[in-house]
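Work through the three exercises below with the sequence and the coordinates at hand. Each task is followed by a solution that proceeds step by step.

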Amino acid sequence: MGKEKIQSRIWLSPPHLGGQENNYIQTALQSNWVAPAGPQIGQFESSIQNFIGGKKKAVALNSGTAAIHLALVLAGVEAGDEVICQSLTFCASVNPVLYLGAHPIFVDSEPETWNLCPVMLKQAIEDRLAHGKRPKAIIAVHLYGMPYQVDEVHAVASEFNIPVIEDAAEALGSTYKQQSCGSLGNFAIFSFNGNKIITTGGGGILICATSVEKKWAQFLATQAKDEAPHFEHSQLGYNYRMSNIAAAIGCGQVQVLDARIEKRREINAWYRGVFKDLGGDVTFQDEPDTYYMSNYWLTAVQLPLPVRNAIVNAFAKANIESRPVWKPMHLQPLYKNAPFYGEKTAEKLFFKGLCLPSGTNMNEEDLNRIQVTLQSALNH
Ligand SMILES: *Cc1c(COP(=O)(O)O)cnc(C)c1O
């Protein structure tokens with residue numbers, strides 16, 4: 001009759017510190033750079049620039065959402081404009097369109113990568129043009145780290161000469177044809193929220209092509225202060241800069257990024273083994289071919305509804321976090337009046353989809369608990 005032990009929670013994707021963060025924070029504190037300015041910001045920006053190939057410019061900001069907002073501004077989106085958005089995503093991909101008073105036009109996913117369907121994208125653009133509206137930008141997402149169909153999506157975008165904003169919030173370390181996600185579009189963003197593959201305890205980065213764009217983004221992110229001895233403003237600015245302390249955490253995190261990517265991919269492979277042994281009726285979000293390399297930020301699967309529910313319940317009882325796939329934006333009350341182009345691919349992925357715990361600091365014991373819980377759910 002022993003007391004039931006309450007097991008510690010296994011989170012979907014908690015922060016995982018590397019050990020060097022504290023040194024960088026100490027350096028920042030000792031130099032008194034406790035501000036949204038300071039040397040660690042530049043250092044963090046350079047390390048991300050280099051990580052994604054060294055050709056693009058990075059602007060550190062206080063969230064990924066802020067980065068999308070500024071990417072839209074840099075792409076010239078204004079009130080009344082239309083922006084094409086992948087429907088299957090987190091709301092942060094799309095909400096900045098509303099911040100600008102612009103209108104999202106939603107497009108379905110394709111079933112290979114779960115991301116923006118290039119066929120529907122083309123139909124959507126042609127139909128908007130027929131309505132006399134020219135979309136100003138396309139927001140495409142590398143969901144759960146899986147690259148979207150980059151060549152196909154970008155071919156449509158260039159056919160109509162519309163800039164692409166890559167939402168790579170979840171895809172730091174993923175590649176398409178050996179090129180880093182986040183270096184492929186006209187603009188891109190990363191998030192360093194606490195749940196992402198590396199974190200700054202909340203933060204983001206905007207990726208752009210030129211120093212001129214970078215300067216402009218920094219200007220907008222610092223309340224758009226014109227050159228003058230007093231504060232003079234001819235533009236609408238924002239307070240979006242990253243704190244130097246957050247950047248210091250980021251400097252430490254970047255050092256373990258390669259290890260984190262490897263580990264996320266190991267966890268994904270481990271789940272494939274577990275489900276294979278259990279003989280479960282499961283479909284993984286998969287790399288379609290060798291062009292695609294996902295960081296597998298989250299391992300995401302499709303399951304028959306009763307199986308999915310059984311797993312969710314068993315996990316809840318065992319104090320293990322899981323989460324359904326994003327509910328498509330075109331099905332959200334907030335966006336119910338926005339146009340949608342597609343069929344039911346995103347909707348089906350949502351209904352049958354589940355994200356499994358993918359944190360890189362899980363130990364053997366945690367993995368065993370997950371395995372045993374999956375076994376009990378599937379044998380039910
Ligand atoms: C996390 C996330 C964002 C937003 O990033 P924040 O830093 O939380 O503002 C945007 N898009 C996607 C797909 C995300 O997962």
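A polar contact is a pair of N or O atoms within 3.5 Å, and the first exercise applies this cut-off to a model that is predicted.

**Exercise 1. The ligand site**

Determine which residues are closest to the ligand, and examine how Gly64, Glu170 and Lys196 approach its oxygen atoms.

Solution. Begin with the surroundings: 15 residues surround the ligand, and the closest are Thr65, Asp167, Glu170, Ser191 and Lys196. Next, take the backbone, where an N or O atom of Gly64 is found 2.8 Å from an oxygen atom of the ligand. Then turn to the side chains: a polar side-chain atom of Glu170 lies 2.5 Å from a ligand oxygen atom, while a side-chain N or O atom of Lys196 is 3.3 Å from an oxygen atom of the ligand.

**Exercise 2. The domain interface**

Describe how domain 1 and domain 2 divide the chain, and characterise the area buried between them.

Solution. First, assign the bounds, which are 21-254 for domain 1 and 257-378 for domain 2; the centres of the two domains, taken over C-alpha atoms, are 25 Å apart. To their contact domain 1 contributes 46 residues and domain 2 contributes 40 residues. Second, consider the area: about 3900 Å² is buried between domain 1 and domain 2, with 64% of it given by carbon and sulfur atoms. On the side of domain 1, Trp114, Tyr144 and Ile197 lose the most area to domain 2, together accounting for 22% of what that side buries. Third, consider the polar terms: zero salt bridges are found across the interface, whereas 24 residue pairs are in polar contact between domain 1 and domain 2. Finally, ask which elements take part: among those that each supply at least two residues of the domain 1 side are helix H5 (118-130) and helix H8 (244-254). The residues of that side divide into 25 nonpolar, 12 polar and nine charged.

**Exercise 3. A salt bridge and its place in the chain**

Explain which parts of the chain the pair Arg128 and Glu82 ties together.

Solution. The structure holds 10 salt bridges, and one of them joins the side chains of Arg128 and Glu82, with an N to O distance of 2.7 Å. Arg128 belongs to helix H5 and Glu82 to strand S2 (residues 82-86), so the pair ties together parts that are 46 residues apart in sequence.

Note on methods
Residues numbered from 1 in each chain as written. Predicted model: local features only at pLDDT ≥ 70, side-chain atom pairs only at ≥ 80, totals over all residues. Heavy atoms only, no water. Domains from an automatic or database assignment. Contact = heavy atoms within 4.5 Å. Buried area = accessible area lost by both parts, 1.4 Å probe. Salt bridge = Lys/Arg side-chain N within 4 Å of Asp/Glu carboxyl O. Polar contact = N/O pair within 3.5 Å; in protein donor to acceptor, adjacent residues only side chain to side chain. Helix = DSSP H or I, 4+ residues; strand = E, 2+ residues; numbered from the N terminus. Nonpolar A, V, L, I, M, F, W, Y, C, P; charged D, E, K, R; others polar. Near = heavy atom within 4 Å.
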